[in-house]
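Please look over the fold before reading on. The paragraphs below start from the whole chain and end at one sheet and its helices.

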Amino acid sequence: MNDNKMKRRDFLKAGGISAIAVSTGINSDGVQAQETQNEMPMLASQISRRAPLPPAKGPRVVVVGGGWSGLTMAKYLKRNYRAFDVVLVEKKAGFVSCPLSNLWLADQVNLEFLSHSYCEAAGNNDYLFFNATVIGTDRESRKIFTDEGFVEYHYLVLAPGIDYDYARIGVEDPAQVQMLQNFYPAGFKGISEILAIKHKLNTFEGGDFLMTVPSGNYRCMAAPYERACMAAAIFKKRGIKARIHLLDMNPGIRIKSDGFTRAWDTFYSDIIHYESSVEVSSIDPAARRLETVFDQYEFDDAIIYPPIRASRLIESLDLHDPISPQKEAHIHPFKYHIIDDEHVYVTGDSRSQPFSKSGNTANSEAKYVAELIAAHAQGRDINWRSPQTMCFSGVTIDPVESMSIISSYRFDEEEQRFQFTRVHPIEEWSTTSGQAGFAWAEGMFKDMFYT
Ligand SMILES: Cc1cc2nc3c(=O)[nH]c(=O)nc-3n(C[C@H](O)[C@H](O)[C@H](O)COP(=O)(O)OP(=O)(O)OC[C@H]3O[C@@H](n4cnc5c(N)ncnc54)[C@H](O)[C@@H]3O)c2cc1C
């Protein structure tokens, strides 16, 4: 350990600060951070410098992450308690929706429909948008540290989403992880990955195209199966000879199973080859080879969706549940606050409850948690409300025909776990459902960005 590292750690420890890259040596992408001589002055200034924000006009609530959860949270905190001074901290400058991006791959919707402005969301809903990256917290003095300085909070809500966990498919070498991320991105985190996927689907010249479905509670249960439909529809439209090998790490299709099976048989029987219970043991991106316990697949191109985990921010801040395999937050299952801290909450896809990791779930859950925090600030309590999961899956294009599902959750006292309830799947695809999917997204964007 070099001297700089030593001093920095001691400095942070003395202040009781939990921080990314600082206490762990791991950066936000999970790659070992480079130690440099001039790191220390920069970190010290981030810790001692106040962020350039106006003074709080009321109890300040800092919301970290401007995704489906954080955007809804920021708006509804203010709606529920006007006295709150709300700051949304987001590291990206603009928002591009992941939901409906599968349809964008096949040109069924344009990028403008998916893109929205944080400035507009904040202006319309009376909160501050702070474009910065959170790197640490000090829960004792109620501060968060960003690359633009620190912010004091009365309540902190963390909604930083997910990260990929390539180690769970046998890829641990950072160089190989980088290669997979750059050449065979999963497309479940952001626009760069999805742009790369669109490009590859529209330029693929034919051959073996590999796609994976991860095990565990991955983001958007139906999306990898829907994406296989869109990829097949693109290949069919382009008239190329391609075989999609859809390798599922689960024992079977996780959702809308009858519908997807029928859709593949009806429209894409010569393109989509589905295999279940695939145990991926390693991938060699340079050789374009994926190995399972029993088999090996050579591919011409691929979309590799690895298992996921809660955002590394949660673990870096030491807020994860030690027994959670996906390193999700250690929160109260009904109240969402960190077990020993009623001023720090975690929502969205970093939560530990087994709810579907979806945008509609994050949106409906954030409305409940915003009301809960507002009640807490006023010395009240409210009853638990289930989030609602709603998901449309396109199976054809020109025009889009979709299936859908809607469900809620209940807590089973006997088994001491959450279960699905009021599940309404519609596994007959139709253009009406396709249109309903667009209307759903429009309603969600209106809810998160406009008044
Ligand atoms: C292809 C695809 C299709 C999908 N289809 C559907 C669908 O049809 N229906 C549906 O309901 N859901 C769908 N989803 C799932 C949905 O997108 C996610 O479940 C939802 O975005 C989760 O919301 P979140 O706020 O928890 O995370 P996110 O939306 O990922 O937001 C997290 C935010 O936190 C920010 N952040 C992270 N770390 C920091 C930091 N240190 N400092 C500052 N900011 C930080 C990130 O930049 C990001 O903006 C789909 C997802 C994909 C990828």
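What follows is a short account of the chain, its sheet and the helices against that sheet.

This is a predicted model, in which local features need pLDDT of at least 70, side-chain atom pairs count only at pLDDT 80 or more, and totals for chains, interfaces and linings use all residues. Residues are numbered from 1 along each chain as its sequence is written, and side-chain values use heavy atoms, with hydrogens and water left out.

The chain holds 13 helices and 24 strands (DSSP runs numbered from the N terminus, helices being H or I of at least four residues and strands E of at least two). Its radius of gyration is 22 Å, close to the 22 Å from the globule rule for 451 residues, so the chain is as compact as a globular protein of that length. That radius is taken over C-alpha atoms, and the rule is 2.2 Å times the number of residues to the power 0.38. The C-alpha trace spans about 60 × 50 × 45 Å along its principal axes.

One open sheet has 6 strands in the order E6-E3-E2-E10-E21-E20, with mixed pairing (strands pair if DSSP finds at least two bridges between them). Strands E6 (128–131) and E20 (337–338) are at the edges with a single partner strand each, so one side of each lacks a neighbour in the sheet. Within the sheet, E2 (residues 60–64) and E10 (residues 155–158) pair in the parallel sense over 4 bridges; Val63 has Val157 in E10 as its bridge partner.

Helix H3 (residues 68–80) packs on this sheet and touches E2, E3 (85–90) and E10 (contact means heavy atoms within 4.5 Å). The direction of H3 makes about 170° with that of E3; axes are lines fitted to C-alpha atoms, for helices over the stretch in contact, and angles run from 0 to 180 degrees between N-to-C directions. Helix H12 (residues 359–377) lies across E10 and E21 (341–346), at about 165° to E21.
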